[in-house]
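Time to open the notebook and write down what I looked up, one entry at a time. Have the viewer ready and follow along if you like.

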Amino acid sequence: EDDSFGTFDGGAPLPRRFFTEAGTQSPQPDIKLEVVFVIDASSSMALRDVAGSSERRLDAVLDTCSHFVKAQRADPRAKDDVYSLVLFAKKSRTPVCQEDSRIFLRALRSVNSPAAGQTRYRSGLHEVVRPTPTSHMRIIFLSDGKPGDWNESTCAWFQQEWLPSITGASLELHCVGVGSGETEFGVLQQMAQLGQGRIFRTDLTLSSLHRTFTAIGSSMTSSRGSGGFTSNIPKQLRPVMFAPPPGSWKPFIKDTTTVGVVQLNCTRSTYDWDASARDITKVSTESVIVKRTSRPFAKGSFRFVFEMVELGKTTRLVAKESAFATMNLDAELCNVKSSCLARYIAKQLMKQYGISMHVLPCCLYESKSAKNNKYSADSADNCLGFFCGEEFLPGVFTKWLSNNGFVSDESTTDEAACFAHYSLERSRGDYLITDIQGVVSNRGAPTQAFHLTDPQVCSWDRSFGPADLGPAGIQMFRNTHKCGRLCKDLRLPPCKAEPGSGLSSPKLLHHDHQDSTSRVAMTNIYLHCYSRCPKAFHDALDTGLELRPMRESLEQAGRQWRLPSGAKVFVRPESYPEIIQAAWYHKLRPHHVVVAFEYELLLAAALEHLPSKQKVDLLSRDVLAKLDQDGDIVPVKHTFLDEPRQLRNPNSVSQSTSEAHGQLNHRRIILDATGSSTSPRSLPAAAANSQFALH
């Protein structure tokens, strides 16, 4: 969920159609983009301190703009794009206006602008030529410092006049902060958020500038046409006016009559993750008095963000409240739940490998003064009954990963992606931490630390709120994640291998000096148990298009995907006899489904269309067996490995009459490390036959 004061790039859940059309977006017709470079030309841009270049900051940026346009020209869809250049300081001018790439590049070479004066964002924005209603405008706004004119008046002008004049078109306002002064770029962050774009921070090096503009080009390419993915969350946000982003901490709490500040009597509840219960548990409840601003300074897909403090304390806080006219307590608890689980896994990562990932604690506040949980513009306190609170994080936020597949090009993305990969392995494939965003302290130093906020969990039962994409989100990460240096250093198995195959036992969570190539990736076979199995449930599995290839492949191999007990089986035909043997220990019923991990996404898609009134819920998801790459099976009983039960594929050994008499062929038994026999108990031979009735 994109709820922090940081990078907001459409992190809301993808529509269901995204997961039922081969995981791709529908092709969009070629469109014409109006690209506008709005570049700071104040006195600081005259400095010659860009590594890799002897030119002024301004000239290095203009050269980067030239490289950007040349790269865009290589895309056939960009042949009709037009470009403009706006230079601003205290005043602004437009050296090039709405020219094609050839004329723009020629004109750019002749631009010789002085870099002088103060930084005034309003002058640069005011110079942008208003688009036609059918235009698709992409603005790249770059500055190296804090503006001197972003006050209440300018902030209101930006929202009430400038944005409405631009947003008749399809707008993306991408903002770039140049230099190391991260706390100076709060206004750029707010502009990008309200302008449906992204905030980028670049170092004073030519290579960093080029990487940043390449990332912007990639974002523009992916959103060309439809403006990117669309959300299935309603967009009827309650109307608000945003305050300028917070600067230095002002003690507004001392004056109870301060305009724009409300005082609330609240109950604050803190939670923690209970690993045994696999849920959050309440740790404490305390009555507090809080003061918070009446206007937010940031927003996400679901929530508004306000400054807040508790009376009697000096810790700077933020309140995060539903952006809709009504709130849902369960949704707020899901935000707390995601933070608690991410915090728990981050502590494990820190404890086991020393990697500093800190997730901010998230508390739930209940306002005692709120009359109901519906927003009213006429109410005195102007707030809802429940909201979340956490510490304020200063600086420019980076979003490394989103829950819709976005991956940042930022240099620290390797650590964030490794955290997501680790969460999948640590939970044995049940949970994925995504929407990883926050700030980095001591960047590049041995003491570098990540401070994260508003993570989102994807889970198999979609129990972490509306932004939990469930199995589809987990599968998307597995398909797209590329292990970096840190994943390899931690010996995490390839992400496309079965989650938990490398970290399935506690001792493998520590450095065990075992060569990573000696680990065999296992594929899990799961036993799903559902709450009900009405006719609609069976129809979805028996006739649904999602599972038709699995049914047909089993039928062609002479296997039954519908067992006489009523349970369903969706596995590869060649592993079918082994899996049926493993299922012998379980009393299967019509509400059970045996499914290979690779088919779980299709199973979820088939059942996703069931009406909620059918009340078909996934009650449990247990590992039934494990298959290695050679087809050898390790049955699992009561979710713990039954180690003596490791069997070889029957086709890989000499055949025996033992199995015809209800005994297992001894040649299929895999000896333990000492060479002693680990014969399993006898299994009925008929269990390997698809006609055998399982009870």
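**Entry: β5 and β6.** I began with strand β5 (residues 170-178), which runs parallel to β6 and is joined to it by four bridges. This is a predicted model, so I read each entry below as a statement about a prediction. For one position in the pairing, I noted that Val-176 stands opposite Phe-200 in β6. Then I asked myself which way the side chains of strand β6 (residues 199-202) point. Ile-199 and Arg-201 point one way, Phe-200 and Thr-202 point the other way, and all are buried. That fits the textbook picture, in which side chains of a regular strand alternate between the two faces of the sheet.

**Entry: β1 and its partners.** Next I went to strand β1 (residues 33-40) and asked how many of its residues are buried. The count is eight of eight, so I wrote "mostly covered" beside the strand. On one side of β1 I found Leu-33, Val-35, Phe-37 and Ile-39, and on the other Glu-34, Val-36, Val-38 and Asp-40. Both sets are buried, the charged Glu-34 and Asp-40 included.

I then looked up the pairing. β1 and β4 pair in the parallel sense over seven bridges, and Val-36 stands opposite Ile-139 in β4. β1 also pairs with strand β2 (residues 82-88), again in the parallel sense and over seven bridges. There, Val-35 stands opposite Tyr-83 in β2.

**Entry: salt bridges.** How many salt bridges does the model hold? The count comes to 25, with a side-chain nitrogen of Lys or Arg within 4 Å of a carboxyl oxygen of Asp or Glu as the rule. As a reminder to myself, side chains of opposite charge can pair when their charged atoms come close. I picked three pairs to follow up.

- Arg-57 forms a salt bridge with Asp-144, and their closest N and O atoms are 2.7 Å apart. This pair links distant parts of the chain, with Arg-57 in helix α1 and Asp-144 in the loop between β4 (136-143) and α4 (152-166), 87 residues apart. Buried or exposed, I wondered about Arg-57 and Asp-144? Arg-57 is buried, and so is Asp-144.
- Glu-152 forms a salt bridge with Arg-295, the closest N and O atoms being 2.6 Å apart. Glu-152 lies in helix α4 and Arg-295 in the loop between β8 (279-293) and β9 (298-299), so the bridge ties together parts that are 143 residues apart in sequence. Glu-152 counts as partly exposed at 44% relative accessibility, and Arg-295 counts as partly exposed at 29%.
- Arg-268 forms a salt bridge with Glu-286, and here the closest N and O atoms are 3.2 Å apart. Arg-268 sits in strand β7 (residues 261-274) and Glu-286 in strand β8, 18 residues apart. Arg-268 counts as buried because its relative accessibility is 9%, under the 20% limit. Glu-286, at 40%, counts as partly exposed.

I did not stop at that last pair: Arg-268, Glu-286, Glu-310 and Lys-313 are linked in a network of salt bridges.

**Entry: positive patch.** Which residues gather in a patch of positive charge on the surface? I listed Lys-70, Arg-73, Arg-102, Arg-106 and Arg-109. α1 (57-73) and α2 (101-109) each supply at least two residues of this patch, and α2 gives the most, with three. I checked Lys-70 separately: it lies in helix α1, and at 47% relative accessibility it counts as partly exposed.

**Entry: positive phi values.** Two residues other than glycine caught my eye here. Phi of Arg-278 is near 55°, a positive value. Arg-278 lies in the loop between β7 and β8 and is partly exposed, with a relative accessible area of 41%. Phi of Arg-428 is near 60°, also positive. Arg-428 is found in the loop between α8 (413-426) and β16 (431-434), and with a relative accessible area of 44% it is partly exposed.

**Entry: Leu-333.** Last stop for the day. Leu-333 lies in helix α7 (residues 329-353) and counts as partly exposed at 24% relative accessibility. Its C-alpha atom is separated by 9.6 Å from that of Phe-386, a residue 53 positions away along the chain.

Terms used: Residues numbered from 1 in each chain as written. Predicted model: local features only at pLDDT ≥ 70, side-chain atom pairs only at ≥ 80, totals over all residues. Heavy atoms only, no water. Patch = residues over 30% accessible without salt bridge, like charges linked within 9 Å, V, L, I, M, F, W, Y side chains within 5 Å. Areas by Shrake-Rupley, 256 points an atom, 1.4 Å probe, with all protein chains shown as cover. Charge placed at Lys NZ, Arg CZ, Asp CG, Glu CD. Buried < 20%, exposed > 50% of the residue type's maximum accessible area, 1.4 Å probe, protein only. Pairing = 2+ DSSP bridges.
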